[in-house]
Amino acid sequence: MSQRLARWLQAIDDKEQRMASLSGIRRYGRLTRATGLILEAVGLTLPIGTLCRIERDSAHGGDSVESEVVGFNGQLLYLMPLENTDGILPGARIYAPDTGTTKGKMLPLGEALLGRVLDARARPLDNLPAPETRQRGALFSMPFNPLLREPIKSVLDVGVCAINGLLTVGRGQRMGLFAGSGVGKSVLLGMMARYTKADVIVVGLIGERGREVKDFIENILGKEGLSRAVVIAAPADVSPILRMQGADYATRIAEDFRDQGLNVLLIMDSLTRYAMAQREIALAIGEPPATKGYPPSVFARLPALVERAGNGVQGGGSITAFYTVLTEGDDQQDPIADSARAILDGHVVLSRRLAEAGHYPAIDIEASISRAMTELIPPQHYKKVQRFKQLLSAWQRNRDLISVGAYAAGSDPLLDQAIELYPQMEHFLQQGIYERSEYEASFAALSALFPDLPDHQKESSE
């Protein structure tokens with residue numbers, strides 16, 4: 001009896017496989033539950049990441065709702081919709097994609113994307129026709145062998161004096177821009193997008209307000225920046241699936257240009273919104289929170305995204321990446337900020353105190369660092385950077401004494417020099433939005449502050 005039952009079950013499986021391979025046959029399951037962001041369905045066996053269509057009630061237009069498989073529990077599928085779910089009824093049919101389309105998302109790539117503003121699904125947001133390109137690629141690429149990467153050894157001019165001179169960035173470096181709300185991070189990103197010497201700029205606006213997306217493109221990036229850029233926008237009002245896909249798609253576009261041997265500047269605003277999107281998905285499917293409400297999968301996805309940037313193979317292209325990290329309440333120990341600081345090659349911290357004082361860009365030099373800097377600049381440059389930071393730190397520690405006149409000149413030679421040079425140092429750190437400071441000019445301005453420090457060539461000749 002058991003053998004006969006096994007033969008019947010095998011025959012049924014064979015019939016199902018034959019039916020699934022027939023053209024014109026559409027498989028479907030049934031919606032069993034809708035709770036919060038998650039829809040539950042039975043009757044289908046699909047891999048995670050597959051896109052499905054859920055039928056909608058005819059009173060709401062009768063069209064279908066696109067959703068993505070984000071998890072499963074036995075025969076139960078967990079789906080997350082990519083759009084509004086109004087009009088979905090209990091027991092609604094869920095249609096699987098056609099045979100052969102579950103191998104992964106394939107999205108447009110190539111030079112046809114330059115100058116365009118697209119959403120996370122590569123649909124135009126700029127009222128222009130869809131990009132005319134036959135080149136398409138999977139959303140995720142294979143992990144890069146770290147031993148094949150070219151080391152960071154050349155300076156990247158970002159056009160900002162404080163960063164060029166004191167936080168020098170290398171081509172292929174991955175930097176974090178840590179800031180609270182309203183301290184000028186978007187303006188600083190726009191300056192770097194306009195002035196950085198890169199072949200291509202890829203901008204990912206992830207989880208931002210819709211107004212900020214338009215403002216960044218028109219007023220901050222400008223026509224000059226947009227002409228050599230690709231902008232992928234996934235605002236805060238779209239599904240968390242699309243917010244994550246927008247970040248992955250922007251990174252994939254940057255990888256494609258890097259593989260062509262080009263030097264790419266990748267700007268991601270923001271990495272925190274990407275982590276929050278993953279948190280929404282993980283909590284919705286039942287993953288337990290671990291660190292301040294963030295599930296473990298969040299801290300697994302962050303390095304997977306960031307590690308895709310960087311230099312390519314020897315003699316190839318590069319991706320220099322700037323990721324903004326929102327520090328809630330200006331808390332630098334926020335779990336996302338702490339995790340990002342550990343996986344990035346340096347961080348630029350923006351200070352609310354400086355922003356409120358009208359100091360722009362509001363870079364807190366003492367709290368910022370570039371981990372690749374010592375390998376990029378000559379010894380005489382590094383000595384001047386050290387002296388600058390020493391004097392700035394001395395002045396900051398004693399600013400209250402100085403402001404009330406309680407400090408007696410001559411008590412501390414280092415502080416005396418800091419008081420003398422502070423107006424010039426403050427001027428060095430400030431820069432207008434539409435002012436450009438090249439790397440050579442930044443170094444010359446830094447050298448002019450410390451003529452008493454001989455350069456390396458003079459030391460060796462003596």
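**Figure 1. Helix 5 of the predicted model, residues 240–259.** At 1.5 Å a residue, the 20 residues of helix 5 should span 28 Å, and the end C-alpha atoms are 29 Å apart, which agrees. The expected span of a helix is 1.5 Å times one less than its number of residues. Helices (H or I, at least four residues) and strands (E, at least two) are DSSP runs, numbered from the N terminus. Because 19 of its 20 residues are buried, helix 5 is largely enclosed by the rest of the structure. Buried means under 20% relative accessible area, exposed over 50%, and partly exposed in between (1.4 Å probe, protein chains only). Gly261 follows helix 5 and has a positive phi, near 90°.

The model is predicted: local features need pLDDT of at least 70, side-chain atom pairs count only at pLDDT 80 or more, and totals for chains, interfaces and linings use all residues. Residues are numbered from 1 along each chain as its sequence is written, and side-chain values use heavy atoms, with hydrogens and water left out.

**Figure 2. Helix 6 and the cis peptide bond at Ser270.** Ser270 is placed in the loop between strand 15 (263–269) and helix 6. The peptide bond that joins Asp269 to Ser270 is cis, and its omega is near 10°. Helix 6 covers residues 271–284; at 1.5 Å a residue its 14 residues should span 20 Å, and the end C-alpha atoms are indeed 20 Å apart. Among the buried residues of helix 6 are Leu271, Thr272, Tyr274, Met276 and Ile281. Just after helix 6, Gly286 adopts a positive phi of about 100°.

**Figure 3. Ala122 and Asn127 in the loop between strand 8 and strand 9.** Ala122 is found in the loop that runs between strand 8 (116–118) and strand 9 (136–138). Phi of Ala122 is near 70°, a positive value in a residue other than glycine. Ala122 counts as buried because its relative accessibility is 9%. Asn127 lies in the loop between strand 8 and strand 9, and its phi is near 60°, a positive value in a residue other than glycine. Asn127 is exposed, with a relative accessible area of 78%.

**Figure 4. The cis peptide bond before Pro361.** The bond from Tyr360 to Pro361 is cis, with omega near -10°. Pro361 lies in the loop between helix 9 (352–356) and strand 19 (369–370).

**Figure 5. Domain 1 and domain 2.** The domain assignment, which is automatic or taken from a database, gives domain 1 (26–95), domain 2 (106–375) and domain 3 (380–449). The C-alpha centres of domain 1 and domain 2 lie 32 Å apart. Ten residues from domain 1 and ten residues from domain 2 take part in the contact, where contact means heavy atoms within 4.5 Å.

**Figure 6. The chain as the setting of these views.** The chain contains 14 helices and 19 strands, and 50% of its 462 residues count as buried. Its C-alpha trace spans about 100 × 50 × 45 Å along the principal axes. Of the contacts in the chain with a separation of 6 or more, 72% are between residues 24 or more positions apart.
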